[in-house]
Amino acid sequence: MTTDEPILRIEGIEVLYESTILALRDVSLSVARGQIVVLLGANGAGKSTTLKAASNLARAERGEVVRGRIVYQGRDVTRSAPHLLAQGGLVQVLEGRHCFGQLTVEENLLAGAQPRQVSRRQLLADLESVYAHFPRLKLRRKSLAGYTSGGEQQMIAIGRALMARPQLVLLDEPSMGLAPQIVEEIFEIIHQLNQREGTSFLIAEQNISLALRYAQYGYVLESGRVVSEGSAERLAAPGDLEDFYLAARAG
Ligand code: ATP
């Protein structure tokens with residue numbers, strides 16, 4: 001693998017659910033090492049499916065990559081088991097901030113370290129580093145996750161992914177259902193992780209202006225296809241994307 005090899009390459013994938021529903025058609029994209037890339041698109045465009053194909057979680061919903069391939073760190077991982085991908089540093093945070101409601105915040109975070117075999121000392125050090133990014137979680141470490149706010153649950157979901165020491169995080173709609181101030185806080189943390197630890201991110205997001213403020217590059221999906229791509233600067237400029245969204249909204 002050369003140093004300029006992207007951390008993730010998706011090459012012309014097609015994804016079928018239940019052998020009948022074609023959710024993605026010929027989707028190609030790449031994430032450079034240390035980059036934040038966003039996937040934009042309306043509901044049902046195929047953003048979640050793209051992320052789930054990369055982490056191989058689509059299979060849990062009877063979805064299958066029937067064409068194309070997924071290359072992570074130079075290796076074809078199209079058929080790799082999700083837990084092996086997580087061990088290799090590719091971790092997904094699912095849409096809807098799945099937390100174990102009956103476990104404490106800290107127990108949720110510790111669950112994220114499962115794919116790794118690490119000493120207790122290392123585990124505690126990793127926990128402290130997650131708390132350094134999310135001081136709110138440290139304050140609530142003994143609370144049941146089910147009783148925390150939506151924003152805190154999103155932080156738990158991201159914090160749990162961080163416990164796997166990821167190199168690439170696939171993040172599905174982190175802003176969903178959250179107040180603007182909390183969303184801003186979460187994106188700031190993503191930015192810090194990217195800058196300080198070099199973690200790469202592929203983020204599916206409907207909040208276009210916010211996502212493009214933090215990302216370097218973006219892809220726009222429509223009906224399972226990539227219809228536009230470019231630097232965040234280009235996509236944020238008035239033009240195609242604006243027209244596209246206005247049309248979608250009017251529709
Ligand atoms: P949203 O923001 O609403 O999640 P999305 O852009 O993430 O939208 P996907 O969830 O990837 O879009 O959906 C893409 C297409 O695949 C849609 O037509 C959807 O109905 C279909 N689809 C998604 N999940 C499944 C599933 N488990 N079984 C069957 N079809 C599915």
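Me: A residue counts as near a molecule if one of its heavy atoms lies within 4 Å of it. Which of the 15 residues around the ligand come nearest?

Reply: Gly44, Gly46, Lys47, Ser48 and Thr49 come nearest. This is a predicted model, in which local features need pLDDT of at least 70 and side-chain atom pairs pLDDT 80 or more, while totals for chains, interfaces and linings use all residues. Numbering runs from 1 along each chain as its sequence is written, and side-chain values use heavy atoms, without hydrogens and water.

Me: What makes Gly44 and the ligand a polar contact?

Reply: A polar contact is a pair of N or O atoms within 3.5 Å. A backbone N or O atom of Gly44 lies 2.7 Å from a ligand oxygen, so the pair qualifies. In the side chain of Glu61, an N or O atom is 3.0 Å from a ligand nitrogen. A polar side-chain atom of Glu173 is 3.2 Å from a ligand oxygen. By the same cut-off, both of these pairs qualify too.

Me: How much of the ligand does the protein bury?

Reply: Taken alone, the ligand exposes 630 Å², and the protein buries 70% of that. The areas are Shrake-Rupley values with a 1.4 Å probe.

Me: Which elements supply at least two residues of the shell around the ligand?

Reply: Strand 2 (21-31) and helix 1 (47-54) do. Helix 1 gives the largest share, three residues. Both are DSSP runs: a helix is H or I over at least four residues, a strand E over at least two. By class, the shell has five nonpolar, six polar and four charged residues.

Me: Why is the enclosed space called a cavity?

Reply: On a 1 Å grid over the protein atoms alone, a 1.4 Å probe fits there but cannot get out. The structure holds one cavity of 30 Å³ or more. The largest has a volume of about 60 Å³. Its lining includes Lys52, Asn56, Arg59, Glu64 and Arg79. Helix 1 and strand 4 (63-72) each give two or more residues to that lining. Strand 4 has the largest share, three residues. The lining has three nonpolar, three polar and four charged residues.

Me: How do you know that strand 4 and strand 5 pair?

Reply: Pairing needs at least two DSSP bridges. Strand 4 and strand 5 (residues 75-76) have two, in the antiparallel sense, so they pair. Val71 stands opposite Asp76 in strand 5. In their hairpin, with two residues between the strands, Gln73 takes a positive phi near 50 degrees.

Me: How many bridges join strand 1 and strand 4?

Reply: Eight, in the antiparallel sense, with strand 1 covering residues 8-17. Val71 in strand 4 is the bridge partner of Arg9.

Methods: A polar contact is a pair of N or O atoms within 3.5 Å; within protein, one must be able to donate a hydrogen and the other to accept it, and residues adjacent in sequence count only if both atoms are side-chain atoms. Ala, Val, Leu, Ile, Met, Phe, Trp, Tyr, Cys and Pro count as nonpolar, Asp, Glu, Lys and Arg as charged, and the others, Gly among them, as polar. On a 1 Å grid over the protein atoms alone, a cavity is a set of points where a 1.4 Å probe fits but cannot get out, and a pocket is an open set with protein on both sides within 12 Å along at least five of seven lines; lining residues have an atom within 4 Å of a point. Grid points are joined across faces, edges and corners, and a volume is the space filled by probe spheres set on the points.
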